[in-house]
Amino acid sequence: MFVNMAVLELMPLAIVLHLTSIDLDHFPFYYLSGTRRILNSRVKPSSTNARREAYATILHSEDVYVCGAIAAAQSIRLSGSTRDLVILVDETISIHYKNGLEAAGWKIKKIKRIRNPKAEKDAYNEWNYSKFRLWQLTEYHKIIFIDADLLILRNMDFLFTMPEISATGNNGTLFNSGVMVIEPSNCTFKLLMEHFNDIRSYNGGDQGYLNEIFTWWHRIPRHMNYLKHFWTGDGEEKKSMKTRLFAAEPPVLYVLI
Ligand SMILES: *[C@@H]1O[C@H](CO)[C@@H](O)[C@H](O)[C@H]1NC(C)=O
Ligand SMILES: *[C@@H]1O[C@H](CO)[C@@H](O)[C@H](O)[C@H]1NC(C)=O
Ligand SMILES: *[C@@H]1O[C@H](CO)[C@@H](O)[C@H](O)[C@H]1NC(C)=O
């Protein structure tokens with residue numbers, strides 16, 4: 001019941017995003033011809049080791065993203081993916097919520113959260129380094145990480161053919177850590193854990209830290225991680241571009257934040 005309620009709440013949003021067709025060439029932020037060809041082609045590359053690939057997310061420190069994570073799982077299944085869904089949860093997530101997550105299809109992995117030693121106590125970013133535990137999922141070769149509050153609109157299993165780290169750009173130089181292809185490795189995990197004291201994260205969170213470690217990364221188009229800050233601050237032209245984008249059927253966007 002719990003599961004269905006959360007999904008129902010979010011479904012209208014997904015449906016709203018399925019209306020008319022749109023030409024990708026009109027998006028100025030869309031500048032990667034290789035991935036663009038993949039996105040536009042009917043036949044997408046597929047990997048041969050599906051059993052060792054998973055979508056993963058994480059909940060740490062609070063319950064607020066539980067409903068989001070349930071909707072995220074359902075949206076991945078609706079996109080047609082059959083990959084494992086793995087969720088890392090720390091001790092702050094109650095059994096009641098864990099049951100709901102499991103019913104939604106997530107495999108639960110309990111983790112010990114990781115404190116950012118440079119964060120203030122009880123600050124918004126105190127436990128964000130817990131995300132590094134994704135690299136400990138070594139039973140998988142490849143992980144598509146998604147933030148727990150994202151909605152998947154189109155199947156994006158073809159991202160499993162891409163290397164670590166593939167992500168969308170936050171700007172010209174930095175990637176956004178909300179959607180990332182990563183390759184679990186105990187060695188990389190160790191590397192991430194070893195530099196807390198010498199690396200300064202520009203935003204105090206995992207994104208700034210990961211961008212210092214992975215300075216070489218692969219850019220995937222914005223359609224794979226699209227921020228829906230709808231119309232605030234947009235001019236007429238941008239507004240109508242976004243209206244067409246959100247309304248595209250079949251969907252043009254893969255992921256909506
Ligand atoms: C991207 O953002 C970072 C952090 O705010 C900044 O240091 C960098 O100069 C920006 N890069 C570009 C190309 O705007
Ligand atoms: C990574 O480390 C964990 C224990 O810390 C171990 O169980 C796992 O087998 C290791 N993975 C690999 C691929 O060595
Ligand atoms: C840290 O994590 C919290 C909870 O997941 C999230 O709301 C916040 O945006 C993150 N902040 C940074 C800077 O990564």
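This report describes a predicted model of a protein chain with bound ligands, moving from the overall fold to one residue and then to the surroundings of two ligands.

## The chain as a whole

The protein chain has 257 residues, of which 37% are buried, and its secondary structure consists of seven helices and nine strands. When the contacts in the protein chain with a separation of 6 or more are considered, 72% of them join residues that lie 24 or more positions apart.

## Phenylalanine 189

Phenylalanine 189 belongs to helix H5, which covers residues 186–194. Is this phenylalanine 189 buried or exposed? Phenylalanine 189 counts as partly exposed, because 17 other C-beta atoms lie within 10 Å, whereas a buried residue would need 20 or more and an exposed one would have 12 or fewer.

Leaving aside residues up to four places away in sequence, phenylalanine 189 touches Phe132, Trp135 and Gln136. Leucine 134 is 55 residues from phenylalanine 189 in sequence, yet the two are 8.3 Å apart in space, taken from C-alpha to C-alpha.

## Surroundings of ligand 1

The residues around ligand 1 are Tyr202 together with Asn171, Gly172, Thr173 and Leu174. By class, the shell around ligand 1 divides into three polar and two nonpolar residues, with no charged residue.

## Surroundings of ligand 3

Around ligand 3 are Tyr124, Asn125 and Asn128, along with Asn203, Gly204, Gly205, Asp206 and Gln207. The shell around ligand 3 divides into six polar residues, one nonpolar residue and one charged residue.

Notes:
Residues numbered from 1 in each chain as written. Chains lettered and ligands numbered in written order. Predicted model: local features only at pLDDT ≥ 70, side-chain atom pairs only at ≥ 80, totals over all residues. Near = placed C-beta within 6 Å. Nonpolar A, V, L, I, M, F, W, Y, C, P; charged D, E, K, R; others polar. Helix = DSSP H or I, 4+ residues; strand = E, 2+ residues; numbered from the N terminus. Contact = placed C-beta atoms within 7 Å.
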